[in-house]
Amino acid sequence: MKTNIINFVITIILAVLLSLYLPWWSVMVAGFVSALFFSLKKAAVFFVPFLAVFCFWAIYAFIVSSANDFTLAKKIAVLLPLGGNPHVLILVTGLVGGLASGVAAVFGKQLVGLVRK
Amino acid sequence: MKYLKLVITFVVTIVIFYVFNTKLGSIPPIGKFLDPAGGVWQNDQEETIDGNVNIQGLSAPVTIHYDEQLIPHIFAQNDLDLYKAQGYITAKHRLWQMEFQTHAAAGRVSELIGSAGLNYDRSERRRGMGFGAEKALEKMRENPEAIKFLEAYRDGVNSYIISLDAKTFPVEYKLLDYEPEAWTTKKTTLLLMYMTKMLAGGDNDLEYTNMLRKFGKERFDLLFPDFFDVNDPIIPKETDWSFIDVEITKTPEGELPLDTIPQTIEKPNPDNGSNNWAVSRAKSTTGNPILANDPHLGLNLPSIWFVMQLSTPEYNTMGATLPGALGVISGFNNHIAWGETNATRDVLDWYKIEFKDTTRTQYKYDNQWRNTSVRIEEIKVKGAATVIDSVIYTHHGPVTYDHNFMSDNEKSGYAMKWVGHIGGNNQGAFLALNKSKNYDDYVNALKGYTAPAQNFVFASTEGDIAIWIQGLFPNKWKGQGKFLLDGSNPEHDWQSYIPQAFNAHTKNPERGFVSSANQHPVDKNYPFYVFNDGYETYRNRVINDFFNSKDKFSIDDFKALHNNNYNLKAAELLPFMFDSMDDSLMTSEEKEIYTQIKAWDFNNDIEKLGPSIWSKWYSKLYHLTWDEFDTEEEALMSPYAYQTIYLMKTKPENEFMDIVETPEKETAQDLFLLSFKDTVKELMEWKAKNGDYNWQAYKGTHVGHLLQGLPAFSRFDLPIGGDRNIVNAASATHGPSWRMIVEMSSPPKAFGIYPGGQSGNPGSAYYDNFIDDWAIGKYHELNFLHDAKATDQIIGTQTLTPSK
């Protein structure tokens, strides 16, 4: 459980820091790197970084957009199309970031397994 | 096993990266797009409108005050700083639009949207849009000051572009996944070409030629006379033209080539037009001249207009600017006000070209062979190979139609002669107007202006009102350029131009007002050849009747006239139709709708049913009348509304009224009933699907985003009345794109509004905040500041400072 929490925290910190310098795929790097150093087990390999980046992206999107009354988010939620609901757009944003990070983490885990053998 | 897992997870990671990083169909690169740190979320905020920004090359600080409508008021120390700041500020709010419109002008849409844009791009290239822009730039180079201004604007735009990164690009770049490129002086000329095409890029010569051959001269002239039987021209009929000492070009002997032309390139929207008018001191309730302008263009977001105040110690001007061009286009200063409507003259002709052989290196001219030149057009296509289109040029202009494009003869083609290819400093006229102080300045400002020809209305605090129809007009022989011309015959070339001083104009006419609404500029007494090439015949009469109806007019009268919904076209035809309708032949449903339209007062107001019934009925009737023109074999066009109605009323038994498909011989009266029954059927279907067919719902006015009308960034179902051919010219997608009223008090008092908002960012509250007020006919007073001191209307001040 402890490693889960450590991995979660490290992934978020990495993702936030890397996002200042790298494009969107910084969250994939974050998931990948934390998987190298804080190895998790089974489903947690995917879900912990998934959840970490999900939270990061969803909360970040919410903070930015709510300050502007979700003006653009409402329109993008029509464009994509998500029924014009900005909260669904925030959810989708979290899912996309989480998925990218989680998948990269699974790959990292496999790489670690190989090196250790 | 381990290796297999590694490979699989690696592949999945790469796939996810690829899918989230790539634009797939219309779905943006979703990871990049939704990234809150760099994607579209970063656009969900307002622009900064305070603080300091360092700009290279400024000579002194520039102050920009924003009022609560987000209108920037720019105070600079000299012209170069002013235009640099205009470029910077316009880009700050409208960058994507500026670039998109110039890409569209240059035929570079495929670069952004892929092969769906290819046909469009090819026709723009074959129209010679890039060629014309280069010619314009060449002409402007003759004037070092003009080029310096263009460069200052360019540098201002580029200072803004350089300040951006992937995170701060406007939304549309993120959506289509591309980046802004540097602004150039050519882009400004491309924007001017975009306007020239929109307003002076129309013609029907090839359609007229097909019809002349098909119907013969007599029937053709009945359908498309040079003058209609009513004419309320821009320049009053009683004008004395005796000062004109240049004669009309003599008509040469010889035949016109009567070819069959299968199809033609897309034409600009025939509804592109406008209203403007001004009343004199004597006709104004306050004793100050009052002027109004409302250009009718496609309704788009971001709007084609951007309102600004531009000021230096020498002058102070405010009004609507065109993002991409310098200065104020329709506006006022402390001394004068001006506005434009389109002059709709035939300044685009077609010449039949006969090549010597299939190499097309030479063409026949004056019984000799002349060399052609080739312009290679390279069209980049997103996601596909670059397309090369070689366009042959003659001394007339580009051979638009040849065996590579809409035609099949390898040894002939049609070349375009267009005033848009001649070039000219058409930016300069507006900059000079911005600084003009009186009538003489205004006349001087207009002198070099060539295209698109406009009716420039004018009013001054000194009390003058005027209108000049200004552009470069060929002095044509009677009939020249109404049809396809012979490109080998030197006498078919444009022989000379009407000397600028003889362009039709009027100053302080006796009637106390000037007006224009895209109608015929003159009556038959004007010595040069002008024929009806799509002149509007309704709005002008309503406007002139209004100004003849009483002695004095106020700003409120002007507002009422902008919003006047009187449908003169319906009023001229419906009573005649009612007379011949036999309601005993109607079902009860038809009778009900017939009663509704009979009760209509001919005003296209939003809550009424009459306008919807009329709109459907007239459109059905029109198509039924001109069924002869509904063919794919050759390019034809059906007659204009005025002549259509004139023929129905005066020649109801003419054979054009007959429906070709039926064995019976129909008259206009038969068509009325047939089209009415059809109308009722379709209206009932519409009602079952959409509910009540009141005019607002039925017309469905909307303002669509420039990028293929993306619904998410558009506004729908606006509560505005009117229609085409009505002074309040708001149809479904087209209408008054800027409404301005200026009273020439000292200082002037001005009102303006447009269907959009100052910000081009869909994430801004200022993106579409004018639309609701515009629709209901409200105006915003323009805060014309006297000096750089902020008033209580100012919500933010930004300073542009020279960077070391």
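**Figure 1. Two domains of chain B in the predicted model.** In this predicted model, the C-alpha centres of domain 1 of chain B and domain 2 of chain B lie 58 Å apart. Domain 1 of chain B covers residues 1–34, while domain 2 is made of two stretches of the chain, 568–602 and 609–693.

**Figure 2. The surroundings of B:Asp346, a position that UniProt marks as a "binding site" in an unreviewed entry.** This residue is found in the loop of chain B that runs between strand β10 (336–342) and strand β11 (348–354). Although B:Asp346 belongs to a loop, the residue counts as buried, because 23 other C-beta atoms lie within 10 Å and the cut-off for a buried residue is 20 or more. When its neighbours within four places in sequence are left aside, B:Asp346 is in contact with B:Asp203, B:Gly481 and B:Asp533.

**Figure 3. The surroundings of B:Asp349, which the unreviewed UniProt entry also lists under "binding site".** B:Asp349 is part of strand β11 of chain B, the strand that spans residues 348–354. B:Asp349 is buried as well, because 25 other C-beta atoms lie within 10 Å, where 20 or more are needed. If residues up to four places away in sequence are not counted, B:Asp349 touches B:Asp205, B:Lys417, B:Gly481 and B:Leu485. One of these, B:Gly481, appears in the contacts of B:Asp349 and also in those of B:Asp346.

**Figure 4. The contact between chain A and chain B.** Here 32 residues of chain A are in contact with 35 residues of chain B. On the side of chain A that touches chain B, the elements that give two or more residues are the helices α3 (44–66), α4 (71–79) and α5 (86–116), and of these α5 of chain A gives the most, with 13 residues. Sorted by class, this side of chain A holds 23 nonpolar, 7 polar and 2 charged residues.

**Figure 5. Stretches of chain A that UniProt, in an unreviewed entry, lists as "transmembrane region".** The record places this feature at residues 6–38, 45–67 and 87–107 of chain A. Over residues 6–38 of chain A, the chain is 79% helix and 0% strand, and the C-alpha atoms at the two ends are 7 Å apart. Over residues 87–107 of chain A, the span is 100% helix and 0% strand, and its end C-alpha atoms lie 30 Å apart.

Definitions and conventions
Residues are numbered from 1 along each chain as its sequence is written. Chains are lettered from A and ligands numbered from 1 in the order in which they are written. This is a predicted model: local features need pLDDT of at least 70, side-chain atom pairs count only at pLDDT 80 or more; totals for chains, interfaces and linings use all residues. UniProt positions are given in the numbering used here, feature names are shortened, and annotations may be inferred rather than shown by experiment. Helices (H or I, at least four residues) and strands (E, at least two) are DSSP runs, numbered from the N terminus. A residue is buried if 20 or more other C-beta atoms lie within 10 Å of its own, exposed if 12 or fewer, and partly exposed in between; C-beta atoms are placed from the backbone. Two residues are in contact if their C-beta atoms, placed from the backbone, lie within 7 Å. Ala, Val, Leu, Ile, Met, Phe, Trp, Tyr, Cys and Pro count as nonpolar, Asp, Glu, Lys and Arg as charged, and the others, Gly among them, as polar. Domain bounds come from an automatic or database domain assignment.
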